[in-house]
Structure formats: structure tokens, C-alpha cells
Amino acid sequence: MKYCVHCGAELHDEAVICVKCGCSVEPPKSAEVETVNDTLSIVIKVFLIIGCIAQGWMILPLAWCLPITISIFTAFKNKRPIGTGLKVCALLFVNLIAGVCLLCADNND
């Protein structure tokens with residue numbers, strides 16, 4: 001038997017939510033995983049900015065670099081998952097390193 005971390009109610013071993021309070025039974029994520037994800041997101045943001053600056057002298061490529069970069073920044077800020085299509089577009093059109101980091105990043109937040 002296990003117990004709810006929120007209300008202390010006794011739960012079955014295979015329970016996913018608490019029947020008493022309705023909260024998720026899964027343990028909270030560790031701070032180490034969040035630190036790695038935060039560091040990786042900073043690295044990705046830096047390389048996206050570098051890619052936009054490097055292509056800034058060309059007007060047409062900048063027309064798709066900025067929206068891709070802004071979409072990824074918004075997704076990081078709102079802690080939303082980033083789609084594979086947007087990751088591939090970042091890889092192809094903005095910055096190779098940022099795109100590879102995005103594709104390798106754990107996106108289960």
C-alpha cells in the first residue's frame with residue numbers, strides 16, 4: 001500500500017490519483033532534472049538568438065527565423081511541449097545546434 005503525498009489517504013499500489021483528494025499520486029519531479037532542462041533551454045535560446053543574428057543581414061530568411069524563435073521562446077515560457085515540426089524547422093532554418101538540442105531534449109514537461 002502507498003499513501004497520498006497531499007492528504008495522507010491510503011491508496012492501492014496501482015492507483016494513479018487519490019480517491020479522497022483527487023490529486024495525482026506520482027511523486028514530484030526532482031530538482032536535478034529541472035536544472036538540466038533549464039540549462040538546456042538556456043543553451044537552446046542562446047543558439048537560436050545567434051542564428052537569428054547571423055541571418056539578420058538577409059531579410060527573407062529572417063522572416064522565418066524570428067517566428068520560429070519566438071514560438072520556441074513562448075513554449076519554454078509557458079512550459080508547453082514543442083512539436084517535432086517546429087524542432088525540425090529550427091534545425092533547418094535557424095540554427096543546427098539549437099535544432100539538435102531541441103530534438104534531444106526531454107519534452108515531457
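**View 1. Contribution of helix α3 to the nonpolar surface patch.** In this predicted model, α3 supplies the largest share of the nonpolar patch, 3 residues. The patch is formed by Leu60, Trp64, Val88, Leu92, Phe93 and Leu103. Together these residues have about 560 Å² of accessible area. Two or more residues of the patch come from each of α2 (59–78) and α3.

**View 2. Phe93 in helix α3.** Phe93 lies in α3 and is one of the residues of the nonpolar patch on the surface. Its relative accessible area is 35%. Phe93 therefore counts as partly exposed, since the partly exposed class lies between the limits of under 20% for buried and over 50% for exposed.

**View 3. Buried and exposed sides of helix α3.** Helix α3 spans residues 84–94, and its buried residues are Lys87, Ala90 and Val94. Lys87, Ala90 and Val94 lie on the same side of α3 because they cover an arc of only 85° around the axis. The face turned away from this buried side carries Thr84 and Leu92, which are exposed. Leu92 is also among the residues that form the nonpolar patch.

**View 4. Lys45 and the ring of Phe73.** The charged end of Lys45 is placed over the Phe73 ring. The distance from this charged end to the ring centre is 5.6 Å. As for contacts between aromatic rings, a search of the whole structure gives 1 aromatic pair.

Terms used. Residues numbered from 1 in each chain as written. Predicted model: local features only at pLDDT ≥ 70, side-chain atom pairs only at ≥ 80, totals over all residues. Heavy atoms only, no water. Buried < 20%, exposed > 50% of the residue type's maximum accessible area, 1.4 Å probe, protein only. Helix = DSSP H or I, 4+ residues; strand = E, 2+ residues; numbered from the N terminus. Arc of directions from axis to C-beta. Phe/Tyr/Trp six-rings, centres within 6.5 Å; stacked < 30°, edge-to-face > 60°. Lys NZ or Arg CZ within 6 Å of the ring centre and 35° of its normal. Patch = residues over 30% accessible without salt bridge, like charges linked within 9 Å, V, L, I, M, F, W, Y side chains within 5 Å. Areas by Shrake-Rupley, 256 points an atom, 1.4 Å probe, with all protein chains shown as cover. Salt bridge = Lys/Arg side-chain N within 4 Å of Asp/Glu carboxyl O.
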